[in-house]
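The following questions and answers concern a single protein model. Please consult the sequence and the coordinates alongside them.

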Amino acid sequence: MKRYIWGTAAIPAIMAGLVSTATAQENQTRFEQLEARITELEADKGSRLKFNVTANTEIQIYGFARFEAFYDFDTDQGDLTRTSRIGDPAFATDGQFGTSVRVSRLGVRSKTQTDIGEIGTQLEFDLFSGDDETTSPNPRLRHANVTIGDAWLFGQFWTNFMPLVHYPRTADFNGPVGIAFARVPQIRYTHKVSGGLTFSASVEESVGPSSDPVLTAAAFYEAEKYSLRVSGLVGTFDAGGEELDTNGITLSGAVTPWEGGEFAATYVTGQSLGNLLIGGGAQSVGGIENDVTGFTLAFTQSVSDKLSLGIGYGNESYDLATTTGTGATFTDLETVYLNAFYTPVDNLTIAAEYIRGERTDAAGATFDADRLGASITFSF
């Protein structure tokens, strides 16, 4: 098994080195920019829905309503891509059409000026609780956090390990395999220094079963034509009464070689990270930590101020096979996608996407499936 050099003794020193002063406004701006990289659906940030409740407190309501339609040619994946299902006889189909509104979300932000600086809050929900077949989905908490003073965040937010700023744009909610994706309760400190460099560190609740916290640290650099990010994670988890280790590193970057075009890539490698990745591989198998490597490649091109096109690829590869609930297994997952986004008027986005997925099982057999999706979204 591979081992990675991220000792828990080093993390407090790293976090201490990251601590200095940054304004709460800079922190909130960074969070909003990162959120926009995933959906690009909050461009207006709800400017029509801002109001003051007191002289010092501003409330903002934001979100979007989305209708999706999709068609699976080979494997019924539900209302988002589930690559681990591909080729599983339990989900075989000669053609399956479906619709969903579960991605729709609603959020509330507040900003209050105090003697210790600006205090912010965020509460955000979508409809992804329960069965994906229901026409009456239940609310699910996405974010619930407080930002205080300089650059502190307390509460549930995107994990600091996730390369949110370089997350590929897809119409599908999941996006490509091969990338970390999780929202977790945490305490985070962010410091933005001059020259486009930002440091952050966090103590986070483990996504998997664990009585210990997860520790992360990250650095992000942004220039006019490119950006780079690196993050690390260490922690432990419980596997049948035995404490095992989880650790990893994520590298990501993007470059804009010409007007309207962007190449982006992410790379993640580590031990027992499957619970943080889109594919959802097992953290351990038979009491042994499951090593994994994943990566994504994406290119987007703005054809006009209303139309953009994209192409991308994602891959996850595990040392040990994961057994799904129906008895199928996987060691490797791949996704390829092509998409188009059209914005005829402000805040209204129409998207179309083709996705091809592939699963490799423990015996080395491969299975593939095709999927078409379309959606219409109005953000506010």
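**Buried charges, core and pocket**

At 0% relative accessibility, Glu124 counts as buried. The model discussed here is a predicted one.

Q: With which side chain does Glu124 meet in a salt bridge?
A: Glu124 lies in strand S5 (residues 117-129), and its partner, 18 residues apart, is in strand S6. The partner counts as buried because its relative accessibility is 1%, under the 20% limit. The N to O distance of the pair is 2.5 Å, and the partner is Arg142.

Q: Which residues are joined into one network by salt bridges that share partners?
A: The pair of Arg142 and Glu124 meets in a salt bridge. Salt bridges with shared partners join these two and two further residues, so that the network consists of Glu124, Asp126, Arg140 and Arg142.

Q: Why does Arg183 have no salt bridge, and which side chain of opposite charge is nearest?
A: Arg183 is in strand S8 (residues 183-193) and is buried. A salt bridge requires a nitrogen to oxygen distance within 4 Å. The nearest side chain of opposite charge is 4.8 Å away, so the pair does not qualify; that side chain belongs to Asp126.

Q: Is Arg356, the salt-bridge partner of Asp370, buried or partly exposed?
A: The side chains of Asp370 and Arg356 meet at 2.8 Å, N to O. Asp370 lies in strand S20 and Arg356 in strand S19 (residues 348-360). Asp370 is buried because its relative accessible area of 17% is under 20%. Arg356 has 32% relative accessibility, which falls between 20% and 50%, and therefore counts as partly exposed.

Q: How many residues apart are Arg371 and Asp72, which link distant parts of the chain?
A: The side chains of Arg371 and Asp72 meet in a salt bridge of 2.8 Å, N to O. Both residues are buried. Arg371 is in strand S20 (residues 366-379) and Asp72 in strand S2 (residues 57-72), and their separation is 299 residues.

Q: Which strand gives the most to the largest nonpolar core?
A: This core has 29 residues, and Phe161, Phe181 and Leu273 have the most contacts inside it. Strands S7 (152-158) and S18 (329-345) each supply at least two of its residues. The strand that gives the most, with three residues, is S7.

Q: What is the volume of the second largest pocket?
A: Of the 22 residues that line this pocket, the closest to its centre include Phe181 and Ile278, and Phe181 also touches Ile278. Strands S6 (138-148) and S8 each supply at least two residues of the lining. The volume of the pocket is about 480 Å³.

Technical notes:
Residues are numbered from 1 along each chain as its sequence is written. This is a predicted model: local features need pLDDT of at least 70, side-chain atom pairs count only at pLDDT 80 or more; totals for chains, interfaces and linings use all residues. Side-chain values use heavy atoms; hydrogens and water are left out. Helices (H or I, at least four residues) and strands (E, at least two) are DSSP runs, numbered from the N terminus. Buried means under 20% relative accessible area, exposed over 50%, partly exposed in between (1.4 Å probe, protein chains only). Lys and Arg count as positive and Asp and Glu as negative; His and the chain ends are not counted. A nonpolar core is a set of buried Ala, Val, Leu, Ile, Met, Phe, Trp, Tyr and Cys residues joined through side-chain atoms within 4.5 Å. Contact means heavy atoms within 4.5 Å. On a 1 Å grid over the protein atoms alone, a cavity is a set of points where a 1.4 Å probe fits but cannot get out, and a pocket is an open set with protein on both sides within 12 Å along at least five of seven lines; lining residues have an atom within 4 Å of a point. Grid points are joined across faces, edges and corners, and a volume is the space filled by probe spheres set on the points. Lists of a residue's contacts leave out its neighbours within four places in sequence.
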